[in-house]
Each structure stands twice: as C-alpha cells, then as structure tokens.
Amino acid sequence: MAIKILTVGPLTTVQDFGRSGFGSRGYRRCGACDKYSMQIANILAGNMEDCALAAVLEFTLSGGKMEFTDNCQIALAGADMSPKLNGNPIAMYRSVKTKAGDILELGMAVDGLRTYLAVGGGIDTEKVMSSRATDCTCGIGGMDGRALREGDVLKTGVSGKEKVEFVITEEMFWLKKPSHPYRSVGNQLLPVLRVVAGPQEEAFTKEARENLRREVYKIKVDSDRMAVRLEGPELKTKEGSDIISDGIVEGSVQISSNGLPMVMLADHQTTGGYAKIATVISTDIPAIAQRRPGECIGFEYITPAQAGEAYRKEVRKLAWLKKEIVMKQKNRK
Amino acid sequence: MDAFIKPVGDQAALVVFEQRIAEDVNQKVMALKKQVELLRGDRVLETVPAFASLLVYYDPLKSDYASMEKLLKKLVTKLKDGKMSSGRTVEIPVCYGGKYGEDLEYVAKHAGLSREEVIRIHSGKDYLIYMLGFLPGFPYLGGLDQRLFTPRLDNPRTRIPAGSVGIGGEQTGIYPMESPGGWQLIGRTPLNLFSPDNGGKLMYEAGDRIRFVPISEAEYKKRVAEWQ
C-alpha cells in the first residue's frame, strides 16, 4: 500500500510525535506542529493505540493531489483544506475508506494553517533514530530528510485489525480543536495562549511582563516550523536579552535583541542564547501552530500546576474519543 | 550548593547554576545530569545540558512541576563539591590551512603569528565540550588560547563544508555537517561526525574533551576514503 504524490503545496512533510531523546547531542525533535490534530487524524484513521506514534503527512497552507494505490482508511484533521475524493467533497474529522486509484485533493486552507492526513497503519518511511519525523535542517527522517515533491511514493504500514469508523459531528465541536481560552478585544475574539513564567523572567522589566499579559501580538510572515515570530509592544529586558545559552523547548518564548517575541515550534534548536520570558504550555502549541501570518494572539499567565491540569484534560479528550469509538464498535456487534 | 529550579512550561524544568562559563560550573551540570539520567524511563524523559544549566524533560502524566522541583533540589544538594571524574578525551584529526582552512592565513595575520604557530597553539591543548547544540554534534568548546581570538567574518558563508574547524570570536569548534556560518575556517577533519544512521551516536558527548591533531593532506584524503 502506498500514496503517490501527484502535486504538492508549499511545504508537505512526514511527521510524527518527534525525535525525542537526543537533545543532549543537539538533535532537534521536529514532529507535527499541531500534535493534537495529528492524534485526532490518527485515531479516526484507525491508528488508535499508535495515535502518537504513527506518522502522518503535514500540509502547510495548501495540500495538493495524491493517489492511493490500495484500499485503505484515512482521516483528515487540522485546517480545513476543502478535501475532495475523486472530485467529490468529503468531510474533515471523519474516517474515510479509499479504494485503489482514488485521488485525494486538498486545496488552500480556509481556516488554520496546517492539515494532517493519517492513513491506517501510518506512513511507513524508514525510522531514523526511532522517529519518522522529517528534520529538513539536518536532512534526516521522513522522505530523505526533505519536504515531499511531485512523484514521491510513500509506503504505508499495515493497519491493525480494529475497524474504526467514526465521524466527529458538529455536536462534538469541542473535540475537533485543542482547548485554549479566548479574550474579547473590541468586537473580536482573540485566541489566548496560556504561558508559565519563563526561566529568565526576572531578566525582564515589570512593564514587559505586563505587556505580554495585556497586549496583542501579530504573527509575522517570516514564521516557520522553527518559530512563530511576533510583532507588538516591545518586551524589554533590564540588561540585554543575551544569556549564557541554555536548553529550550517547544513553546519557549524567546526575546531577541529587538525586543520582539518568538514562540519556538517543533523544529526549534535544542539550545538558545536569548532570554525567555515565558513558555507556552504544550496544550496551547497547536493553537499558535494553526494561526497564520497577520493573525493576532494574546497571552495569559498560569501556574505550572494549572498547566499540568490543562495537559491531563487534553489527554482525557483523546481518551474519550477512543472510548466512544470502541463503544460504537461493540454496539454494532 | 546553589542552584535554582525554574519551570519550563508543563513538561520540563530547568536547573540553573551560577551563570558563568567555567569548568567547575559545567562539571556540576554534568554531575547532576548523571544523577537525573538514572531516572530516565520513569519520570524523566530527557536531559539537555548547557554551559551552566540542565534542562530536564519529565512525563507530565507521571509527575508534575512541584514534585520535580523537590526532586531536583534534593539531587542538587547531594552533589559533591570538587572534581568529579572527567569525561574522555577524543582526538580529532585536522588538516589545517590550504583549501581545508581558507582563513588560517587571516587568523595568523590577525594574531601576528605564523601559520605553524597558530596550528601549534590550536592543537596544543584539550578543549572541554561544555555543551552540544545549534546543530547535532556541534560542540561549544571552552579554553581557546587568547592569542587566537579572531572576529567572525563580516559576511557569513552560505555554505561551510562538513567537518570544518573554525574560530569565532573567543570560541573554537567544528561544523559536524554542512551549514551556513560566520566563523573563520582554519582546517577540516576527515572524520564523519554526523551519522544519524548509527542511532544518533556521536564520537563525543558534552563533558568530554577534544584534542585536535594536525594531519597532512594525504592523511586527510586517506581518512575520508575510509568512510566514503
């Protein structure tokens, strides 16, 4: 079973949960930017137990055309790219059976930025250091360590025995997207990212911390899988933003010498030399990974304990979906 | 022993030691890393050592910040002062100058030394690997002889060949893979430092020392042929 790539969008890569465990040697984790949507897609495609492990395709801004060489089950989650199967519109967030020769077409994202295609059994490129995540900077993982091109053929794995068929309906809207708060600014709802105070918080002025909490930040066009770069009121340090380099994580909010924040995403370096005012909690990473250049976001401080609780709540959402699917299967029998 | 523990989101904690780049501080980082790594696979998922800090990733389903903070504090207090057993010393053969180190001439001129003297000084001591970062296997080395301090290039190169050994300001290091960069290139190692195929293993780890060993161009070519 394989997927043939007929046309591609600006950036399509094979991703999974990331290449963790090698940070002390300088290897980036990479992996899906929106790991929540990736897992939802996997569950709906039948990769229930492996939802964090099975590799998926991550499309950025627009998709492209691809052909399935065999019967399989797929699912799409994340940004709505108006998917069509053999020219007929199909829904996101549901299990879809495909037959040999079927052609899936993904257009421009109408909301969000990144879409995830999961297939039963997962994308089966060779694992490099226990992960299939594509690290484009170092040229490893996924398809020869690079973004997909026209003509690429991706093997897929053997799907499990579980016959999952499920539709996340409108009533289950809360399940479709990762949870994060909003704040009303004027007559608009501003997505708010929850942060925990960062390791160099004291290096910043009181005004900087107030700005981060209150102000609105706009996503700049030079954002990528490494970092979302933001513009807005300056976040000033007391004595410069250079620090003795230390480890950074996905979500680290680094402030470079221009006083503007960047939120590190999946392809971030393992260490950095800029002061970090805060860390976006893992639960809210998908929210910023799905925002496009020009869109605005805000920040809100929470405690590490609240961050842990938010994470466990998100894990329970996925567990709930799996349970629903299992119950549905039982009822059918 | 003084160190602060800071939260890094909901999945990691940072142990911050005295903020200076010095061997004694870095040794504490490595000593703590060793202790924390014993818990890997349980609550601890991964550690990332740096000059004067240790990032500890934990499993948020098995632990939380409050208990990690308590645990790390305890481990820090238990660290013994004084020298711990230091890491290995890894020899890195380097072909200095010529097309392998285009800036050797400049570095020599800047230092007011001959090329031979630069090579002798650069290869004449062992350098502690404080940390690996920026790229896989890129070592942040301490202890470059002051005479060799050379400013970075005004216009960084867009492509630096893998294995290049360079000097950037007060630091020296190796580019394990092809990359852009602004350091003065003084030589190149024939070793294949970046080999993700062998499970991400490197010839050296943070805490080891690197010794540069000058080799001839003939030796360089021979060593490259061995792995290519």
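Colleague: In this predicted model, which residue meets the side chain of B:Glu219 in a salt bridge?

Modeller: B:Glu219 lies in helix 5 (residues 217–227) of chain B, and its partner sits in that helix too, three residues apart, about one turn of the helix. B:Glu219 is partly exposed, at 26% relative accessibility. The N to O distance of the pair is 4.0 Å, and the partner is B:Lys222.

Colleague: Which residue forms a salt bridge with B:Glu226?

Modeller: Helix 5 of chain B holds both partners, three residues apart. B:Glu226 is exposed, with a relative accessible area of 56%. The closest N and O atoms are 3.8 Å apart, and the partner is B:Arg223.

Colleague: How many residues apart in sequence are the parts tied together by B:Glu178 and B:Arg159?

Modeller: The side chains of these two residues meet in a salt bridge at 3.2 Å, N to O. B:Glu178 lies in the loop between strand 10 (171–174) and strand 11 (179–181) of chain B, whereas B:Arg159 belongs to strand 8 (residues 157–160), so the pair joins parts whose separation in sequence is 19 residues.

Colleague: Why does A:Cys136 form no disulfide, and what is the distance to the closest cysteine sulfur?

Modeller: A disulfide requires two cysteine sulfur atoms within 2.5 Å. The closest cysteine sulfur to that of A:Cys136 is in A:Cys30, too far for a bond, at 7.7 Å.

Colleague: How many disulfides does the structure hold over all chains?

Modeller: A:Cys72 is buried, with a relative accessible area of 12%. Its sulfur is too far for a bond from the closest cysteine sulfur, in A:Cys51, at 19 Å. Over all chains, the number of disulfides is zero.

Methods
Residues numbered from 1 in each chain as written. Chains lettered and ligands numbered in written order. Predicted model: local features only at pLDDT ≥ 70, side-chain atom pairs only at ≥ 80, totals over all residues. Heavy atoms only, no water. Buried < 20%, exposed > 50% of the residue type's maximum accessible area, 1.4 Å probe, protein only. Helix = DSSP H or I, 4+ residues; strand = E, 2+ residues; numbered from the N terminus.
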